[in-house]
Amino acid sequence: MNATNTSGTARIITHVKETDPMEPEVPFAEVEAVQSKEYIPVIKETLTGMIQRGLDAATKPVFNWAGRNSLFPLHWGLACCAIEFAAGFGARWDGERFGVVPRSSPRQCDLLIVNGTVTWKLSHKLITLWEQMPEPKWAIAMGNCATGGGPFRTAYSVVPGVNKLIPVDVYIAGCPPRPEAMLDGILRLERLIRERRA
Amino acid sequence: MTDLTLAALLPALESRFGPDVKVLPSRKEVLGVVQVKVDRLVEVARFLHDQGTFTHCALVSGVDWIEHIEVLYHLWSDALKGYLEITVETAPEDPHVPSVTSIWRGANWHERETWDMLGVRFDGHPDLRRVLMPEGYRFHPLRKSFELHEPEELEVKARHV
Ligand code: SF4
């Protein structure tokens, strides 16, 4: 089939299939596939898929165990709840005995504890930090502000609940929640991970 | 002209700018309250800065009186050890006030905040962006016409612009 464009050069469209409406197309395609050995990659894919699934089944419990026992939260203090967050990793409550070590870079973290009031101006930064964290990752909304806006729920500048921005696994109530409550939330998240529910 | 003392300052303002300035009754926290017509604001500010020793613009803010919007300037004088309050009035729909950033550089962010909260446009401002609210936020929340929205409604409006 030939077509001529405005500059005068002919544009030739090849590979036009002459189709006979009476004849079904499928048998030809199958024959072509067998002749061109197109089935080889399909078999390869199936085999690698089986191996991958087997490996996954063997290693997933190990990664799950390692991940849930070393949750690294992002060291990110937003408001008054951050004081309780800090106290929770001090000498008295010592969150590190659960393998929870705050890190300063989102690249090293798998847990985002949103501990304070999130304003609309900050929401873009929160999403950026969340997206910078490698998978698998979890989020905890700590305190009433992060859970649902808290005392500032009807304010013009405050996000009414951080679940409007990121997926949250565990909510901790309180204004502010005590460090025990925060550690309890982290342990709850560990249980959710163990049961593969988060 | 030498620096004016307080006793001479307000009469000097009145004699120089005539009916465009109005000395209002003062309060004990400030040296004086002066109401200025919008189009003479920069001249008055320049006069107060150069001859009135008011070298520091401590605050720019505003009040929405519904019939008009009032923009307030608090100027500090080291020599007089006190504040002078200047007010200008603008129309509530599309309020425009000349910027005083050419006289006090420190007024920059104050004017941005007044624009953010009250929607007063400062003509001649070098960088009139929002300060407290994200760029793209549609409201000026300290206006009396701003209704406190249900959070969900506000969220939808604020996120998709
Ligand atoms: S929940 Fe209460 S303590 Fe926590 S950030 Fe909000 S206001 Fe502060």
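Here is a short chat between a visitor and a guide about a predicted model.

Visitor: Let's start with chain A. What makes up its fold, in helices and strands?
Guide: Chain A has 6 helices and 5 strands. From the N terminus on, they run β-β-α-α-α-β-α-β-α-β-α. The chain is also divided into domain 1 (28-67) and domain 2 (71-195), with 39 Å between the two centres, taken over C-alpha atoms.

Visitor: And which pattern does chain B follow?
Guide: Chain B reads α-β-β-α-β-β-β-β-α-β-α along the sequence, which gives 4 helices and 7 strands. Of its 161 residues, 48% count as buried. In chain A, buried residues make up 34% of 198.

Visitor: Why is B:Glu147 called exposed?
Guide: Its relative accessible area is 59%, and exposed means over 50%, so B:Glu147 earns the word. B:Glu147 lies in the loop between β7 (121-123) and α4 (151-159) of chain B. Its C-alpha atom is 32 Å from that of B:Cys57, 90 residues apart along the chain.

Visitor: What makes B:Tyr137 and B:Phe139 an edge-to-face pair?
Guide: Two values settle that. Ring centres have to lie within 6.5 Å, and these are 5.4 Å apart, centre to centre. Planes over 60 degrees apart count as edge-to-face, and here the angle is 75 degrees. The pair therefore passes on both counts. Over all chains there are 6 aromatic pairs.

Visitor: Are those two rings buried or exposed, and how do you know?
Guide: Buried means under 20% relative accessible area. B:Tyr137 has 5% and B:Phe139 has 16%, so both count as buried. The two also belong to one aromatic cluster, together with A:Tyr156 and B:Phe146.

Visitor: How do you know that the charged end of B:Arg112 sits over the ring of B:Trp109?
Guide: For an Arg, the CZ atom has to be within 6 Å of the ring centre and within 35 degrees of the ring normal. B:Arg112 is 5.1 Å from the centre of the B:Trp109 ring, so the distance part of the rule is met. In chain A, A:Lys137 lies over the face of A:Trp130, at 4.9 Å from the ring centre.

Visitor: What is unusual to look for at A:Pro136 and A:Pro176?

Guide: Look at the peptide bond before each one. A cis bond joins A:Glu135 and A:Pro136, with omega about -5 degrees, and another joins A:Cys175 and A:Pro176, with omega about -10 degrees. A:Pro136 is in the loop between α4 (120-132) and β4 (138-142), while A:Pro176 is in the loop between β5 (170-172) and α6 (179-194).

Visitor: Which residues are around the ligand?
Guide: A:Pro176 is one of them, and others include A:Cys80, A:Cys81, A:Asn144, A:Cys145, A:Phe152 and A:Cys175. Helix α5 (residues 143-148) of chain A gives the largest share of the shell, 3 residues.

Visitor: How many residues of that shell are nonpolar, polar or charged?
Guide: The shell has 7 nonpolar residues, 5 polar and no charged. Cys and Pro count as nonpolar and Gly as polar, so A:Cys175 and A:Pro176 go with the nonpolar group and A:Gly174 with the polar one.

Visitor: One last thing: why is B:Lys81 called exposed?
Guide: B:Lys81 has a relative accessible area of 62%, and the cut-off is over 50%, so it counts as exposed. B:Lys81 also has a positive phi of about 55 degrees although it is not a glycine.

Terms used. Residues numbered from 1 in each chain as written. Chains lettered and ligands numbered in written order. Predicted model: local features only at pLDDT ≥ 70, side-chain atom pairs only at ≥ 80, totals over all residues. Heavy atoms only, no water. Near = heavy atom within 4 Å. Helix = DSSP H or I, 4+ residues; strand = E, 2+ residues; numbered from the N terminus. Domains from an automatic or database assignment. Buried < 20%, exposed > 50% of the residue type's maximum accessible area, 1.4 Å probe, protein only. Phe/Tyr/Trp six-rings, centres within 6.5 Å; stacked < 30°, edge-to-face > 60°.
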